[in-house]
Amino acid sequence: MAGAIAQMESEKVPPKPPRQAFSIPPAIIRNRKTGAAYITGGLLGEGGFARCYEVADSGRRRFAAKVVAKASLKTQKQRQKLHGEIAIHRALSHRNIVRFYEAFEDDENIYMIVELCENKTFVDLLKQRRRLTEPETRLYMVQLLTAVRYMHLNRVIHRDLKLGNLFLSKDMQLKIGDFGLAAVIKHDGERKKTICGTPNYIAPEVLFDQQNGHSYEVDIWSLGVIMYTFLIGRPPFQTKDKDVKAIYKKIRDNVYEFPSNAPISLAAENLISNLLHTRPECRPNIDDILNDPFFTTPPVLKSIPVSCLNNSPETS
Ligand code: ADP
């Protein structure tokens, strides 16, 4: 839930709370209510508020445990946000969403037991690969779109879709995680007013139309940023010095380029431009996107081999 409190962080330099905010979890994590026990393994990574460990249950099944020190939750609002994240994530079940198993606490920490994603995040993938091919992008985008369609049908907006929140399972399936900024639309037409997101991925209406608020279309915008980043290797509105104000100006003015030295297909360019429409009501909905010519252009991959963590499918 990194973004939940430090809502305007950059993906490159997430603010870290003071070290003492994290506590070391016990060697065996126990759910006192059910008696379930997990052996704590290695550290997988850490975010704004959580440390994530690999754990195994008594049947040697492996999971990821997100551990949040109670001491790091200083305000009632912070506690409510974490409980909101748990309630939303727990209610979702889709093959392209990190599976939520259970949440419990002891005196020190709150634990969330979720599906282990062995192949890390798309930040790690792009570090290795620099950019993805169009066939890979097509398949990953379809997986992402089916998960977002499911979330939206269940009235959940993720509001922080970005490479660092897209995980890869052992069998190279994309999984959306981290519901720290997610919100539920309680009635049709409800508009959210909280400014939140990550600078490179944030939709213009969140920044510049706070009166009207925002809704599901912010996730569609982020899909455009993600698709561009997959294909080009950096986010569309990024500036050289990564100055947040300059990024917001580019988002407001819809200024981004398709570099001529790394050309992508016209179908890909057109789809990205539609997703990155300044006016939220002009962005396509998920079904329109899935019917876009980009998704029917061959070759259409059925799966992606693990070798694509390091090499493009053409060379592996
Ligand atoms: P935050 O939400 O505070 O950003 P997370 O707990 O989501 O932090 O993640 C911190 C890091 O832990 C991630 O960047 C990733 O490296 C790792 N991680 C998180 N969830 C998983 C998971 N389900 N499987 C494998 N690694 C994970």
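# Sheet, core and K70

Reader: Which residue in β3 is the bridge partner of G45?
Author: This is a predicted model. Strand β2 takes in residues 37-46 and β3 takes in 50-56; the two run antiparallel. In β3, G45 has as its bridge partner C52.

Reader: And which residue in β3 is the bridge partner of E46?
Author: β2 and β3 are joined by five bridges. They form a hairpin with three residues between them. For E46, the bridge partner in β3 is R51.

Reader: How many bridges pair β3 with β4?
Author: One of the bridges involves A50, whose partner in β4 is V68. Five residues lie between the strands of this hairpin, and R60 there takes a positive phi near 65°. The pairing is antiparallel, and the bridge count is seven.

Reader: Which residue in the hairpin of β1 and β2 takes a positive phi?
Author: β1 and β2 pair in the antiparallel sense over three bridges. R30 stands opposite A37 in β2. Six residues separate the strands, and the positive phi, near 85°, belongs to G35.

Reader: Which strands form the edges of the open sheet?
Author: The sheet has six strands in the order β1-β2-β3-β4-β6-β5, with antiparallel pairing. An edge strand pairs on one side only. The edges are β1 (28-30) and β5 (100-105).

Reader: By how much are neighbouring strands of this sheet turned against each other on average?
Author: The sheet is open and its pairing antiparallel. Strands of a sheet pair through backbone hydrogen bonds. Ignoring direction, the average turn between neighbours is 35°.

Reader: What angle does the direction of α2 make with that of β5?
Author: α2 spans residues 76-90 and packs on the sheet. The helix touches β4 (62-69), β5 and β6 (109-114). With the direction of β5, its own direction makes about 150°.

Reader: Is K70 buried or exposed, or something in between?
Author: UniProt, in an unreviewed entry, lists K70 under "binding site". K70 lies in the loop between β4 and α2, and touches E108, N109 and I110, leaving aside residues up to four places away in sequence. Burial needs 20 or more other C-beta atoms within 10 Å, and exposure 12 or fewer. K70 has 15, so the class is partly exposed.

Reader: How far does α4 reach from its first C-alpha to its last?
Author: Helix α4 covers residues 134-153 and has 20 residues. R155, with a positive phi near 65°, follows the helix. The expected span at 1.5 Å a residue is 28 Å, and the reach is close to that: 28 Å.

Reader: Which elements help cover the buried residues of α4?
Author: Buried positions in α4 are E136, T137, R138, L139, Y140, M141, L144, A147, V148 and M151. In an α-helix, residues three or four places apart point the same way, because there are 3.6 residues a turn. The cover includes β7 (156-157), β9 (174-176), α6 and α9 (286-290).

Reader: Which helix gives the most to the largest nonpolar core?
Author: This core has 77 residues. Those touching the most other members are A65, Y111, L223, M227, L231 and L275. The top contributor, with 11 residues from the stretch 217-232, is helix α6.

Reader: Which residues does L231 touch, not counting residues up to four places away in sequence?
Author: L231 is among the core residues that touch the most other members. Contact here takes C-beta atoms within 7 Å. The partners of L231 are R131, L132, E134, T137, I264 and A268.

Notes
Residues numbered from 1 in each chain as written. Predicted model: local features only at pLDDT ≥ 70, side-chain atom pairs only at ≥ 80, totals over all residues. Core = buried A, V, L, I, M, F, W, Y, C linked by C-beta atoms within 7 Å. Helix = DSSP H or I, 4+ residues; strand = E, 2+ residues; numbered from the N terminus. Contact = placed C-beta atoms within 7 Å. Pairing = 2+ DSSP bridges. Axes fitted to C-alpha atoms, helices over the stretch in contact; angles between N-to-C directions. UniProt positions renumbered as here; feature names shortened; annotations may be inferred. Expected span 1.5 Å × (residues − 1).
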